[in-house]
Structure formats: C-alpha cells, structure tokens
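Please look at the sequence and the 3D view together before reading on.

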Amino acid sequence: MRTGQIAQAAERLRDELWQGHKEPTVGVLLNWDSDAIWAAIAVRQRDHFKHYPMQARVGVSRALSNANVPWEYVTVEDLRAGLAPRYKVIYLPAQIALSEEVLKLLLDYAKGGGRVVLDAPGGAYDEHGKVLNTRKGSTFEQLFGVELSDLAYSNNVKFTLAGRELKGFVHELRPTTATAKFRFGTTNLAAATRNQTGKGEGVVLGWDASFALFAPGQSVAEQQLVSQIVESITPQYSCAGAVVYRLATPEADHYFLINDGPAKQVRLSTPGYRYRGAEDPVSQSRINAAEPIELEAYSGRWVRMIK
C-alpha cells in the first residue's frame, strides 16, 4: 500500500524531480591506481589489505551520512574533466598511492579555494608502487606543507588521540610550511596539519581516520573525523536523529528522512534556505516545518519544501 502511494507521488511530481540535482559538499576520492597498489601488497598474512580501501571508503561515507553532510564519490576521471570545484572539500581515504598527475590536479583545486584532506597511510607510494617523493619542493609538499618522515603502525610505539588508543597506520609528519592543528597524546608528534596554499588548503590527518571507522557504532570518532573534514563550513541543513538525503529543484527542495530505529520525532533545520511551506507528497498533507516531524520505526518520510 505505502509503496503504491510513494510511486503515485513520484509520478505526480515526475517533471519536478527530473530537474533535481545534488549539491554535495564533500567529494570522496575513488582512485583505481591506489586500489591496485593495495591489491598488490596483499600478500600472505596481509590478505586483508585488498579490502582496505573499500573499508576506508565505507568508514568515511558512513560518518558523513550520519552527520548529514552531502557527499558523493569523485573519480580521477572527474578531476581530469575539471569537476573538482563542484566540491568544497575533497577527501582522500586511505589513498596509499598518489600519482603526480592526481597531486597536480588537487594542488590546482586547492589553490583555487578548495580543501583537500588526506589520512594515513595516504601518499606512501606513487601509482607504480615506488616510494612517493614528498621532499621539500615536491607537489605533495606544496599541497600539504609536510614531508612524510615515516609510516608506522601503532603497536610497539603506542599512539593516542584524545585519550583513545590508535590501532592502525600512523604517519610521522615533518611540517615545512604547514602548522600542527593538534598532536598525538603519547609522542607529541603532529597528529593533524593544515597548509595554506593559494585560496585553499591541504590538511593531513596522521592516523587511519577513515579505515578505523569501518565498524559501525563509533559516533564520537565519526564526529571527530567529520569536524576535521568540514571544519568551519556552515551546514545548510541538519536533522539530529535521522539521515537526510536532499534533492534540489527550481520549485522545491525534497528531503528524504530515514529512520533506522524506533519511532521518533525529529526537527529538520534548514538555516541555509528560505521556504514558503512544506508538505508530505505521499499523504499530500501539509507539514509545519517549525514543529517536530513524526517518523515511523525503521521507515522514512518524504518532505517537500516549497520555495
């Protein structure tokens, strides 16, 4: 019954929905060259490395989704096509291999005002599996303002961050022009750095921030990662307690609220937009957007905000 009602609403609004488009804040890089290097080093006793890039993407994707930060995957082909400025931030999860071409594309993007965020063990190799040149004057160093002094694993030497013991890859960063945002608790080495380059910046997170979030249920660590990705970018909408997908159209914006839990009430806040009214296209009833919105258990709701 409900499926039929949703289909009828989609049919009624088909022309409007056809004009819809996404407005992503973050592009999560999908780089087949890096995935290939992960597969190449997945030798005996390290077979799990072939799954590492996928698991890192899952980790950061879930964190962004749970925080209602609009995102999508961006490929190297997209960067070549000049689509980088579509995003305010480009995140590089577990990009163990970066080519000179990709680094130059990202450097140009940052100089134009973009924000590039890399986590460990990003930048360990080039696309051929050779140690990447991160020395002073290299494209990597120009973008991130650091040299990669060492790549370690937090086991013999313990690394902690905000009281949490890390259990994965850790970069030893040697800042050149970058400044340390904060430091590891045990070693006092820079845990995160920021480098101003042109109108934008390059940020390095010295731990495996995305891969560490592959397992669900890590809300505090997810919030920490999201804050490092978006930092001072003001969210255009928010909805605590529900995952929200937004589709923008000329006449109205469509918000799809997903509730993966018991029945609840949530508030959809849209400080970045101005609307004349709101409705539920499925029930064809008016919604008071200033009041809490009812969500059924393990279900969702479609809210059409009229411009």
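The report below treats one strand and its partners, and then one serine.

This is a predicted model, in which local features need pLDDT of at least 70 and side-chain atom pairs count only at pLDDT 80 or more, while totals for chains, interfaces and linings use all residues. Residues are numbered from 1 along each chain as its sequence is written, and side-chain values use heavy atoms, with hydrogens and water left out.

Strand E1 covers residues 26–30, where helices (H or I, at least four residues) and strands (E, at least two) are DSSP runs numbered from the N terminus. Five of the five residues of E1 are buried, a word that means under 20% relative accessible area with a 1.4 Å probe and protein chains only. Val26, Val28 and Leu30 point one way from E1, whereas Gly27 and Leu29 point the other way.

E1 pairs with the two strands in the table, where pairing requires that DSSP finds at least two bridges between two strands.

| Partner of E1 | Sense | Bridges | Opposite residues |
|---|---|---|---|
| E2 (residues 71–75) | parallel | five | leucine 29 and valine 74 |
| E3 (residues 89–92) | parallel | three | glycine 27 and isoleucine 90 |

Serine 210 lies in the loop between strand E11 (200–205) and helix H8 (219–230), and serine 210 counts as buried because its relative accessibility is 0%. Leaving aside residues up to four places away in sequence, serine 210 touches several residues, among them Gln55, Tyr91, Asp119 and Leu225, where contact means heavy atoms within 4.5 Å.

Notes
Buried < 20%, exposed > 50% of the residue type's maximum accessible area, 1.4 Å probe, protein only.
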